[in-house]
Amino acid sequence: DTDSEVRFLNRLQDYIKKQDCVLRQLDWWMFSKLDQYLDTPFIPYYDPKQNRIARFIPDFIFWGQKGDTYTILFVDPKGMEQIDWERKTDGYRRLFEDAETNLKRFDHEGAQVSVRLFLFTKDRNVCPEGNYKRFWMDSAPTLFKTAFGL
């Protein structure tokens, strides 16, 4: 019922029908819409207005595997007008990147697991320059190529 979510799902639906969809290169993949009232996956971040750790629950989660590489991908299509996106991204970075902005990899039962976050918008070109721009996507092919390293 949110325009940005519907727009993202429509783009996803169009993209997965294409022969060159990079998701076809994975051994398997799936996704789900996260519900902030029912689901428990979240990214903690500091909310200075409330002076507490808050929960960032992105709208969508994808899982994909290629060989022994397993990727968990959070996608939030709310756009730049949504408040706290920088703090939410900082919360992600503290957990899943090292000081040089490299992805942390976790070993789990022989698989190398990484967690990615992307914020989906209508036009990435209006994003502020700097370290946060790499989190913004406006194209499904670019999003998935980047997320899954394909």
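## Aromatic pairs and open spaces

F106 counts as partly exposed because its relative accessibility is 35%; in this scheme, buried is under 20%, exposed over 50% and partly exposed in between (1.4 Å probe, protein chains only). The structure is a predicted model, in which local features need pLDDT of at least 70 and side-chain atom pairs pLDDT 80 or more, while totals for chains, interfaces and linings use all residues. Residues are numbered from 1 along each chain as its sequence is written, and side-chain values use heavy atoms, without hydrogens or water.

**Rings.** Let's stay with the aromatic side chains. A search of the whole structure returns 15 aromatic pairs (Phe, Tyr or six-membered Trp rings with centres within 6.5 Å; planes under 30 degrees apart are stacked, over 60 edge-to-face, the rest tilted). Y92 and F96 form a tilted pair, because their planes meet at 35 degrees, with 5.5 Å between the ring centres. Both residues sit in helix α2, 4 residues apart, or about one turn of the helix (helices are DSSP runs of H or I, at least four residues; strands are runs of E, at least two). Y92 is buried, at a relative accessible area of 0%, and F96 is buried too, at 16%. F96 also pairs with F106: the planes stand at 85 degrees, so this pair is edge-to-face, and the centres are 6.3 Å apart. That contact links distant parts of the chain, from F96 in helix α2 to F106 in strand β6 (residues 106-108), 10 residues apart.

Elsewhere, ring pairs join F8, Y15, W29, F31, F60, F62, F120, F144 and F148 into a cluster. Two arginines also lie over ring faces: R55 over F42, at 4.1 Å from the ring centre, and R93 over Y132, at 5.9 Å (Lys NZ or Arg CZ within 6 Å of the centre and 35 degrees of the ring normal).

**Pockets and cavity.** Now for the empty space, mapped on a 1 Å grid: a 1.4 Å probe fits in a cavity but cannot get out, a pocket is open with protein on both sides within 12 Å along at least five of seven lines, and lining residues have an atom within 4 Å of a point.

| Space | Volume | Lining residues by class |
|---|---|---|
| Largest pocket | about 400 Å³ | 10 nonpolar, 3 polar, 9 charged |
| Second largest pocket | about 170 Å³ | 5 nonpolar, 7 polar, 3 charged |
| Largest cavity | about 40 Å³ | 3 nonpolar, 2 polar, 2 charged |

With about 400 Å³ of space, the largest pocket is lined by 22 residues, and Q36, I57, D76, K78 and K88 are the closest to its centre. Strand β3 (52-56) and helix α2 (85-96) are the elements that each give two or more residues to this lining.

Around the second largest pocket there are 15 lining residues, with T69, T71, A147, F148 and G149 nearest the centre. Here the elements giving two or more residues are β4 (60-66), β5 (69-76), β7 (111-120) and α3 (140-148).

The structure holds 1 cavity of 30 Å³ or more. Its walls are S4, R7, F8, P77, F120, T121 and K122, with helix α1 (residues 3-16) giving the most, 3 residues.

**A loop residue.** T40 belongs to the loop between β1 (28-33) and β2 (43-47). T40 counts as exposed because its relative accessibility is 62%. Its C-alpha atom is 28 Å from that of K122, a residue 82 positions away along the chain.

Methods. Grid points are joined across faces, edges and corners, and a volume is the space filled by probe spheres set on the points. Ala, Val, Leu, Ile, Met, Phe, Trp, Tyr, Cys and Pro count as nonpolar, Asp, Glu, Lys and Arg as charged, and the others, Gly among them, as polar.
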